[in-house]
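Work through the short exercises below with the model open beside you. Try each task before reading its solution.

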Amino acid sequence: ASNHLSVADPPLIGCTSQRKTFFFAKEELFKVPFIGWGITQLNAFPVRRSAHDVGAFRTAKHILENGQALALFPEGRRSRTGEMGPAKPGVGMLAVMANVPVVPVCIVNSNRLKQFAQLKIAYGPPIHAPQTGNPKEIYKSFSYEIIRAIANMMSKMYNDANA
């Protein structure tokens with residue numbers, strides 16, 4: 001689970017991950033000829049963001065249950081400001097239902113590649129979701145725990161750069 005600053009983030013995660021990684025991508029991208037082909041080559045599958053896309057959720061759950069890696073962005077979209085936005089409960093729901101840990105990923109400066117800003121990507125330790133309690137509350141609270149972990153990594157990365 002990563003913050004999302006730029007269209008470059010999925011390929012950056014794919015290039016730096018130790019494992020073959022699959023990605024959600026908004027359905028509209030698959031309709032653009034070259035981009036649709038390219039993101040398919042990067043193991044992306046479509047998700048309808050305007051509705052609860054049960055098919056995309058099933059695909060994601062299947063990927064996780066088969067021991068494969070799935071990258072997703074808990075905020076649900078790119079940040080226009082660089083700041084972390086609120087988490088959507090989907091990452092928590094997937095982690096609980098597939099019974100898998102979540103690795104927080106923090107990307108810094110992918111939105112500033114044209115200015116040749118120093119790109120940084122950090123992977124945190126896996127976080128395990130609680131398996132007992134009210135499911136909807138677990139999904140929401142676990143998603144926020146992941147966002148906090150990413151935000152803490154971001155803060156540390158910025159503080160280390162300014163030290």
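The exercises that follow use a predicted model.

**Exercise 1. Asparagines and positive phi**

Task: Find where Asn 43 and Asn 99 lie, and classify each as buried, partly exposed or exposed.

Solution:
- Step 1. Start with Asn 43. Its place is in the loop between α2 (33–41) and β2 (44–47).
- Step 2. Check its backbone. Phi of Asn 43 is near 70°, a positive value in a residue other than glycine.
- Step 3. Apply the cut-offs: buried is under 20% relative accessible area, exposed is over 50%, and partly exposed is in between. Asn 43 has 22%, so it counts as partly exposed.
- Step 4. Turn to Asn 99. This residue lies in the loop between α4 and β4 (105–108), just after α4.
- Step 5. Phi of Asn 99 is near 55°, again a positive value in a residue other than glycine.
- Step 6. The relative accessible area of Asn 99 is 55%, so Asn 99 is exposed.

**Exercise 2. A third asparagine**

Task: Is Asn 3 buried or exposed, and which backbone atom does its side chain reach?

Solution:
- Step 1. Locate Asn 3. It sits in the segment before α1 (9–16).
- Step 2. Read its accessibility. The value is 1%, so Asn 3 counts as buried.
- Step 3. Follow the side chain. The side chain of Asn 3 reaches the backbone nitrogen of Ile 107 at 2.7 Å.

**Exercise 3. Two surface patches**

Task: Which residues form the positive patch, and which make the nonpolar one?

Solution:
- Step 1. Take the positive patch. Arg 49, Arg 77, Arg 80 and Lys 88 form it.
- Step 2. Place one member. Arg 80 is in the loop between β3 (69–71) and α4 (90–98).
- Step 3. Test Arg 80 against the cut-off. Its relative accessible area is 70%, so Arg 80 is exposed.
- Step 4. Take the nonpolar patch. Val 32, Phe 34, Ile 35 and Trp 37 make it, and it covers about 450 Å².
- Step 5. Place Ile 35. This residue is in helix α2.
- Step 6. Ile 35 has a relative accessible area of 39%, so it is partly exposed.

**Exercise 4. The buried side of a helix**

Task: Which residues of α4 are buried?

Solution:
- Step 1. Recall the helix rule. An α-helix has 3.6 residues a turn, so residues three or four places apart point the same way.
- Step 2. List the buried residues of α4. They are Val 91, Gly 92, Leu 94, Ala 95, Val 96 and Ala 98.
- Step 3. Use the rule to trace Val 91, Leu 94 and Ala 98, which are among the buried residues.

Technical notes. Residues are numbered from 1 along each chain as its sequence is written. This is a predicted model: local features need pLDDT of at least 70, side-chain atom pairs count only at pLDDT 80 or more; totals for chains, interfaces and linings use all residues. Side-chain values use heavy atoms; hydrogens and water are left out. Patches are made of residues with over 30% relative accessible area and no salt bridge: like charges are joined within 9 Å, nonpolar side chains (Val, Leu, Ile, Met, Phe, Trp, Tyr) within 5 Å. Accessible areas come from the Shrake-Rupley method with a 1.4 Å probe; for residues, only the protein chains shown count as cover. A salt bridge is a side-chain nitrogen of Lys or Arg within 4 Å of a carboxyl oxygen of Asp or Glu. Lys and Arg count as positive and Asp and Glu as negative; His and the chain ends are not counted. The place of a charge is taken as NZ of Lys, CZ of Arg, CG of Asp or CD of Glu. Helices (H or I, at least four residues) and strands (E, at least two) are DSSP runs, numbered from the N terminus. Buried means under 20% relative accessible area, exposed over 50%, partly exposed in between (1.4 Å probe, protein chains only). A polar contact is a pair of N or O atoms within 3.5 Å; within protein, one must be able to donate a hydrogen and the other to accept it, and residues adjacent in sequence count only if both atoms are side-chain atoms.
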